[in-house]
Amino acid sequence: MPPDRRRVLLVLFSITAVVAAVVLAEVMATVFFAITVAYVLYPVRRWLVTHGRSRRVSAAVASLVGLVAAVVAIVPIFGALYVRRSSFLEFIRSLPAQVPVEAFGFEYVVDVSDAFVTIQRGVTQLAVELASAAPVLALKATLFVLLVYALLLRPRDIRRAVLALVPAVYHDVVLAFHERTRATLNALYVLQAATAFATFCIAYPVFAVLGYESSLVLAVLAGILQFVPVVGPSAVVVALAAYQVVAGDTAAAILVLTLGLVLVGFLPDALIRPRLASLTAGMPGSLYFVGFTGGVLTVGLVGFIAGPLVIAYLLEAGAILNTETGGTPSGE
């Protein structure tokens, strides 16, 4: 192909890619998550194919495994809220307009009536927004499932299509990034699941010792909330502390806030993430935290995967460059 024609086609492809990114901006996060989940589910699909199942059946079963895992993670939260809805409403109705707070020998009276009105308006607005966004969320969920299935149905076709866009001399680079992506995504999802499980194991005895009757439900919520960046299990701890303050037990509020934030909110992240990040993702724990935190703060929810993945790409590019320039490959 003449160089001028190649440059024109490259410019045309770049412009088309930019236009597609702008037009499809609303579903880019959905597409990204679908690709990452397909990477993680591919071993399931491959195992089924090697055991005699057809491509379609294998892709469908692997997609179903991912869907069931997502449902198992989401249902307990809404189930616990639904079961406790009557108690929660009764508690809200019984709240006084003013709450006395005792600390360090002094007593303060806090007027919370305005705060309750603000919270009520916020909850109402959130419910309305969720109701109005339900069709969009359902459409994105459908797109997510179909895209995961499509990616698992013909993974080799996608691989060939990607390699066809790259000159043959760079195929090894593309495959290296592919392997790094696969290993990193597997590690990240395993990392999230392990941290969530550790949070549950720590939260249950902590809440039980503090005397909460629903300690098992609270521990499950804390573990699941590990999958929610920034908020995390600390939301459960802060909610319990607020409940104790409103109930007039400031000492209990301080105790649950101190123990909860340290043992439930901080300890699993501090112990599990750095160790597993270095063992499974092939990156130092410090770099993982940089990617995780920077990704969440920069691009939002998708950042808890995108941030560490970008760090992994940076490490892979450095390793390739080091090898090409005559340095010692990483890991030797």
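Tyr212, once its neighbours within four places in sequence are set aside, is in contact with Phe207, Leu218, Leu240, Gln244 and Val256. In this predicted model, Tyr212 also belongs to the largest nonpolar core, which has 15 residues. A second theme is charge pairing, since a search of the whole structure finds four salt bridges, and three of them are described below.

**Nonpolar cores**

- Within the largest nonpolar core, the residues with the most contacts are Ala203, Phe207, Tyr212, Leu218, Val236, Leu240 and Val264.
- Two or more residues of this core are given by each of H7, helix H8 (215-224), helix H9 (234-246) and helix H10 (250-280).
- Apart from this core lies another one, made up of 14 residues, and among them are Phe33, Leu188, Ile305 and Ala312.
- As general background, nonpolar side chains tend to be buried together in soluble globular proteins.

**The salt bridges around Asp157**

- Arg154, Asp157 and Arg160 are linked with one another in a network of salt bridges.
- On one side of this network, Asp157 forms a salt bridge with Arg154, where the closest N and O atoms are 3.5 Å apart, a distance that qualifies because the cut-off for a salt bridge is set at within 4 Å.
- Asp157 also meets the side chain of Arg160 in a salt bridge, with 2.3 Å from N to O.
- Arg160 and Asp157 are separated by about one helical turn, because they stand three residues apart in helix H6 (residues 155-164).
- Asp157 counts as partly exposed, because its relative accessibility is 30%, and Arg154 is likewise partly exposed, with a relative accessible area of 41%.

**The salt bridge in helix H7**

- Arg182 forms a salt bridge with Glu179, and the closest N and O atoms of this pair are 2.7 Å apart.
- Both residues lie in helix H7 (residues 171-209), and because they are three residues apart there, about one helical turn separates Arg182 from Glu179.
- Arg182 has a relative accessible area of 33% and is therefore partly exposed, while Glu179, with a relative accessible area of 37%, is also partly exposed.
- Helix H7 thus appears under two topics, as it holds the pair of Arg182 and Glu179 and is also one of the elements that give two or more residues to the largest nonpolar core.

Key: Residues numbered from 1 in each chain as written. Predicted model: local features only at pLDDT ≥ 70, side-chain atom pairs only at ≥ 80, totals over all residues. Heavy atoms only, no water. Buried < 20%, exposed > 50% of the residue type's maximum accessible area, 1.4 Å probe, protein only. Helix = DSSP H or I, 4+ residues; strand = E, 2+ residues; numbered from the N terminus. Core = buried A, V, L, I, M, F, W, Y, C linked by side-chain atoms within 4.5 Å. Contact = heavy atoms within 4.5 Å.
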